[in-house]
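Reader: I'm new to this one and would like a close look at a single part of it. Could you take me through how the helices pack, and then carry on to the empty spaces?

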Amino acid sequence: MRDYYNVKINIPGGIVSPGTLHDILSLAYEAKVRKVRFGARQQLLMTVHYEDMRFLEQDLKKKQISYELNTERYPNIISSYCAEEVFRTGQWLSESEYHMVLDGFDYQPQLKINLSDSNQSFTPFFTGNLNFIASAVPHFWYLYVRPKQSNSVFRWRELIYTNDIARLARSVEEAMLSEGHRDEESLYQSVTGQRKFITQPATGEVELPDFTLPYYEGFNRYGQRTWLGLYRRDEQFSISFLLDVCTLCLKTRIGEICITPWKSLIIKGIEEKNRTQWSQVLGRNNINVRHAANELAWQTEDHNEEGAQLKNYIVRFFDKHDTRTFGLCFGIQTRPKSEVFGSVLVRKRPLFQIGQLSLFSVYDIYFTDNFNPNSRTYYLFEKGLLKIHVPAQLERLCRKFSARRYMSNLEVVRFNEEEAAAPVSSPAIYGHQCSHCLTIYDERYGDVLNEVPAGVPFEQLPDRYTCPTCDAAKADMQLVELSSEVEEIG
């Protein structure tokens, strides 16, 4: 019999009300749980002793709270909702739009579903099986499909209307899991053959934004309000602290708490008059904020102490050597077939294994195409490293990335300088020349003798117009390109 059970509670879109979270945490506390984690797919995770598990299960069922024990049958729907307002603004996608999509899911998806704003890089685009990405057309979304156990991604041929996302997702899931359709054409025909959806033709591909990981910790102002980012070095949040957070949210009328893919929390809408109360909650629970930026740029697997320890080991090396990691994020993968989000991936690889027991392992380092974590293409940087050598090789990769970025920026500067210094070629200037006496009609100056003012195009001269020198007919005047000397004289 297991001594402990891993409990997962999905938080759709990473959005939870303080009241709901307070109820869940209170039940967990009664089951003698003292700390919880948040997962890479924005779930709530906890470890419960087997003697207390049956009581917690009873309480969760009474509250009608869905949960899973030691399974991943229902991966959470994740979204970039946590980034809205605080990290990007100005597009059609709003927080109400996310709620509209999430409210449409009246079932628990068995496929991983991602809802992403195309103008942010805080949350991943393609880690799901069904990846909905907001298009430039208001209320329409791209869909990129990645079949289960596959790294290949194809784009749905149509943009999907916001209100149809949940319905189409369910149809795709049935076609993939129940009917076995995996290739693009058969999947499309199966889904659209007997069902109608509001769509538009999808033209072009989603343009991946350059990756930047905003600093997501501490108090930060936006507009007239403040948001608070909470991160824990060991990825564990004490329940007593989170209960205080929920209570203060309810007291100050903050309706939502956001869970991020970086296993942190974001609380939006803090009014200036309540800022002191939030500082008091942090102080009372001895919560530190404003860790180094390179410590925040990591993603490890859920329920994995080994990955968290390796991350801390590398971060200490980075701190000691003052390694620059700006523009990069890192993922640590210690289990086969697990998935982490990162532009640099540290992957553990067993060399000698008996059954499920690994006797000796090494580490391989990969980086994504153009160092964009949303890319699905990985390149090998170093292979077969002992743990002790991993930090130094990562630092070497960071230096290569920074040098490459510097050279790329330098090339842009040089290009702009050369472009600015290059002579600007003037557009060609044309006139009409008399074929008899070679007199030129230039519309910039007109014709004083025939009382034609400057600026009148030759085509607008009347048919009776004649050459001011020899009286030749207008039809005898030919189009010619005027030299730069003529232009300068004018």
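Author: Before the helices, a quick word on how their angles work: axes are lines fitted to C-alpha atoms, for helices over the stretch in contact, and the angles run from 0 to 180 degrees between N-to-C directions. Keep in mind too that this is a predicted model. Two packed helices are described by the angle between their axes and the distance between the axes.

Let's begin with helix α4, residues 165-178, and helix α5, residues 184-192. Their axes come within 9 Å and cross at roughly 125 degrees. That angle makes α4 oblique to α5. As for its hand, the α4 and α5 crossing is right-handed. So who touches whom? On the α4 side you'll find Ser171, Val172, Ala175 and Met176, and they meet Leu187, Ser190 and Val191 of α5. Sorted by class, this contact of α4 with α5 has 5 nonpolar and 2 polar residues, with no charged ones.

Now slide back along the chain to helix α1 (residues 18-30) and helix α2 (residues 50-62). Here the axes come within 9 Å and cross at roughly 160 degrees. Angles over 145 degrees count as roughly antiparallel, so α1 is roughly antiparallel to α2. The α1 and α2 crossing is right-handed. In this pair, Leu27, Ala28 and Glu30 of α1 meet Leu56, Asp59 and Leu60 of α2. The contact of α1 with α2 divides into 4 nonpolar and 2 charged residues, with no polar ones.

On to the empty spaces. Rolling a probe the size of a water molecule over the atoms shows where empty space is left. Start with the enclosed kind: the structure holds 1 cavity of 30 Å³ or more, and the largest cavity has about 60 Å³ of space in it. Tyr216, Tyr231, Arg232, Glu235, Pro261 and Trp262 are among the residues that line the largest cavity, and Lys263, Leu296, Trp298, Gln299, Thr300 and Lys311 belong to its lining as well. Strand β18, residues 298-300, gives the most to that lining, with 3 residues. By class, the lining of the largest cavity has 6 nonpolar, 2 polar and 4 charged residues.

Then come the pockets, which are open. The largest pocket has a volume of about 1400 Å³. It is lined by 46 residues, and Lys112, Lys337, Ser338, Glu339 and Val340 lie nearest its centre. Strand β18 turns up again here: β1 (4-10), β4 (43-49), β18 and β20 (344-354) each supply at least two residues of the largest pocket's lining. Of these strands, β1 brings the largest share, 3 residues. The lining of the largest pocket divides into 13 nonpolar, 18 polar and 15 charged residues.

The second largest pocket takes us back to a helix we've met. About 660 Å³ of space lies in this pocket, and its lining is made of 27 residues, of which Asn10, Ile11, Pro12, Ile15 and Asn76 lie nearest the centre. Helix α1 takes part, since β1, β2 (15-16), α1 and α3 (95-103) each supply at least two residues of the lining of the second largest pocket. By class, the lining of the second largest pocket has 15 nonpolar, 7 polar and 5 charged residues.

Definitions and conventions:
Residues are numbered from 1 along each chain as its sequence is written. This is a predicted model: local features need pLDDT of at least 70, side-chain atom pairs count only at pLDDT 80 or more; totals for chains, interfaces and linings use all residues. Side-chain values use heavy atoms; hydrogens and water are left out. Helices (H or I, at least four residues) and strands (E, at least two) are DSSP runs, numbered from the N terminus. Angles under 35 degrees count as roughly parallel, over 145 as roughly antiparallel, 65 to 115 as roughly perpendicular and the rest as oblique. A crossing is left-handed if the near helix is turned anticlockwise from the far one by less than a right angle, and right-handed if clockwise. Contact means heavy atoms within 4.5 Å. Ala, Val, Leu, Ile, Met, Phe, Trp, Tyr, Cys and Pro count as nonpolar, Asp, Glu, Lys and Arg as charged, and the others, Gly among them, as polar. On a 1 Å grid over the protein atoms alone, a cavity is a set of points where a 1.4 Å probe fits but cannot get out, and a pocket is an open set with protein on both sides within 12 Å along at least five of seven lines; lining residues have an atom within 4 Å of a point. Grid points are joined across faces, edges and corners, and a volume is the space filled by probe spheres set on the points.
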